[in-house]
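Got the viewer open? Here is a walk through it, one selection at a time.

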Amino acid sequence: MRSIVLSASLVVSLLVAPIAALAAPRPDQTAFVDLYRELVETNTTLSGGDCTAAAAKMAARLKAAGFADADLHPFQAEGHPKEGGLVAVLPGSDPKAKAMLLLAHIDVVEAKREDWARDPFKLVEEGGYFYARGASDDKASAAVFVDTLVRFKTGGFKPRRTVKLALTCGEETASAFNGAGYLASHERKLIDAAFALNEGAGGRLDANGKPIALNIEAGEKFPQDYRLEVTNPGGHSSRPAKDNAIYRLAHGLVNIEAYQFPVEVTDASRGYYKTMGPMVGGAMGAAMTTIAGDPKDAAAAAVIEGDPGYNGMLHTTCVATMLDAGHATNALPQRARANINCRIFPGTSAEQVRATLERLVADPAVKVTAMGSRSEVTKAPPPLTPEIMGPITKVAATIWPGTPIIPILTAGATDGAFLSPVGIPTYGVTGMFGDPDGNGVHGLNERIRVASLFNGRDFLYGIVKLYAMQE
């Protein structure tokens, strides 16, 4: 990438004003919420949803804005009729300027209506929040990216570099067809780009809703599932034996629960703790500062481990997520299984973690098997160059003045794992600030602050427009 060449007046026109508490949305925000609602209320779970239908609805939005059919590329793989996606292209004026890619997944985690306080597939605005499955992860980014291209097209904006958008399915389920992986392996030319913007980092609010830091993903952990399995001849429940498959599995799970993987740091995570420590303050802030200087300090690590968000950055984590055992209420179990989901720290292999789990279980009757890998092991993160950081810094200063921008090691996994290995450096940045409790993402009553969504929308629009004018 080359440097940004923009006039001062153009820069001013591109940047957006900060949004405080909103008494009434602007007309453009109302139009955006209509698009956002349509996407959120289209069920895209693997069990009963339809990503293909959701992608088609977004394609219709883009076509209505003036996109030609030749610039809209719906895709789906054979045997996956409901797991399709969309690539949209806004051509640039300079053939020498390499394209940029906007990436967002439109599938969502499963949600049971009986567990939620509200219908998970109806967008509800309440108390300054939008509630719904996918309200944050990742239909917020997907809707913003579609909205951004609509605004570009209807506003007559002519980008110097081509802007591409990929809406994909399958990010949330390791065993599902993955649209980003499909594009990387089957349609590489279609998504070719100098870099991509993706989910992976937003911002963190304090308990009072004040922005603490805007985060940029600088690396992510590798997700890997392991199956623990015990088999047994079983028998009649009236003749219980000490060798019980469920009990043996349970003992192994308790051992895994009690274990913490060693603390590890990268340059990004060390810098994060060093910067955030004084800002967070208190015992947690002091622990962060200590860990930045001495990763082996067990007392500091114990404090950080008490916060689920910060704990994920500290080391490899493994947690039981599913159980399956027995075949009848009046029979001894012939089989007991558990799934362990691990998020592996960069530099540690999946086999090393499997061997650790086997050692923790300490029972030869419990077989520990690594399941299929979702993607390649994440390598070194792409560099945060001035060309990447420039637009982020400029636009962030107009919306969250004085808020530091801090690289972060993402504890979760994103579809960037499919793009970086094929030569498309992928950066996680959304500008959408979340609450300390994680906003129910992947859990119950998922939500996002209305102001956070609107601010993130303006932020992404601003940086994409700046990137689009780079040479």
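When two residues are said to meet or be in contact on this tour, they have heavy atoms within 4.5 Å of each other. One more thing before we set off: what you have loaded is a predicted model.

**Stop 1: α6 and α11**

Select residues 245-257, helix α6, together with residues 350-361, helix α11. Their axes come within 8 Å and cross at roughly 120°, which makes α6 oblique to α11. The crossing is right-handed. Now show side chains where the helices touch: G252, N255 and I256 on the α6 side meet L357, L360 and V361 on the α11 side. Sorted by class, that contact has 4 nonpolar and 2 polar residues, and no charged ones.

**Stop 2: just past α11**

Next, pick A362, in the loop between α11 and β15 (367-370). Is A362 buried or exposed? With 61% relative accessibility, over the 50% cut-off, A362 counts as exposed. Check the backbone too: phi of A362 is near 55°, a positive value in a residue that isn't glycine. For context, most residues other than glycine have a negative phi, and most peptide bonds are trans.

**Stop 3: two more backbone oddments**

Jump to N445, in the loop between β18 (433-434) and β19 (447-449). N445 also isn't a glycine, and its phi is positive, at about 55°. Then go to D138, in the loop between β5 (129-131) and α4. The peptide bond running from D137 to D138 is cis, with omega near -5°.

**Stop 4: α4 against α14**

Stay with α4, residues 139-154, and add α14, residues 450-468. How do these two cross? The axes of α4 and α14 come within 10 Å, at roughly 50°, so the pair is oblique. Looking at handedness, the α4 and α14 crossing is right-handed.

For the contact itself, colour A140, V144, F145, D147, T148, R151 and F152 in α4, then L453, R457, D458, L460, Y461, V464 and K465 in α14. The residues of this contact divide into 8 nonpolar, 1 polar and 5 charged.

Zoom in on R151, which lies in α4. Ignoring its neighbours within four places in sequence, R151 is in contact with D28, R457, D458 and Y461. Try a distance label from R151 to F32 as well: they are 119 residues apart in sequence, yet 9.9 Å apart in space, C-alpha to C-alpha.

**Stop 5: α12 against α14**

Keep α14 on screen, hide α4, and bring up α12, residues 386-399. The axes of α12 and α14 come within 9 Å and cross at roughly 140°. That makes α12 oblique to α14. Their crossing is right-handed.

On the α12 side, select E387, I388, P391, I392, K394, V395, A396 and I399; on the α14 side, they meet N455, D458, F459, G462, I463, L466 and Y467. By class, you have 10 nonpolar, 2 polar and 3 charged residues in this contact. Note that D458 turns up here and also in the α4 contact.

**Stop 6: the largest nonpolar core**

Which members of the largest nonpolar core touch the most other members? Select Y36, L197, I392 and F459: those are the ones, out of 70 residues in the core. The largest share of this core, 11 residues, comes from α14.

Centre the view on F459. Leaving out neighbours within four places in sequence, F459 is in contact with L214, I392, V395, A396, I399, W400, V429, T430 and G431. Four of the names to look for on α12 are I392, V395, A396 and I399, which also belong to the α12 and α14 contact.

There is a second, separate core, with 22 residues. Select L228, C318, A338 and I344 to find your way in, as they are among its members.

**Stop 7: a glycine in α7**

Last, select G277, found in helix α7 (residues 267-280). Is G277 buried or exposed? At 1% relative accessibility, under the 20% cut-off, G277 counts as buried. Beyond its neighbours within four places in sequence, G277 is in contact with G285, M288 and T289. For a final distance label, try the C-alpha atoms of G277 and V303: these residues are 26 apart along the chain, and the atoms are separated by 12 Å.

Notes
Residues numbered from 1 in each chain as written. Predicted model: local features only at pLDDT ≥ 70, side-chain atom pairs only at ≥ 80, totals over all residues. Heavy atoms only, no water. Axes fitted to C-alpha atoms, helices over the stretch in contact; angles between N-to-C directions. Helix = DSSP H or I, 4+ residues; strand = E, 2+ residues; numbered from the N terminus. Parallel < 35°, antiparallel > 145°, perpendicular 65-115°, else oblique. Left-handed = near helix turned anticlockwise from the far one by under 90°. Nonpolar A, V, L, I, M, F, W, Y, C, P; charged D, E, K, R; others polar. Core = buried A, V, L, I, M, F, W, Y, C linked by side-chain atoms within 4.5 Å. Buried < 20%, exposed > 50% of the residue type's maximum accessible area, 1.4 Å probe, protein only.
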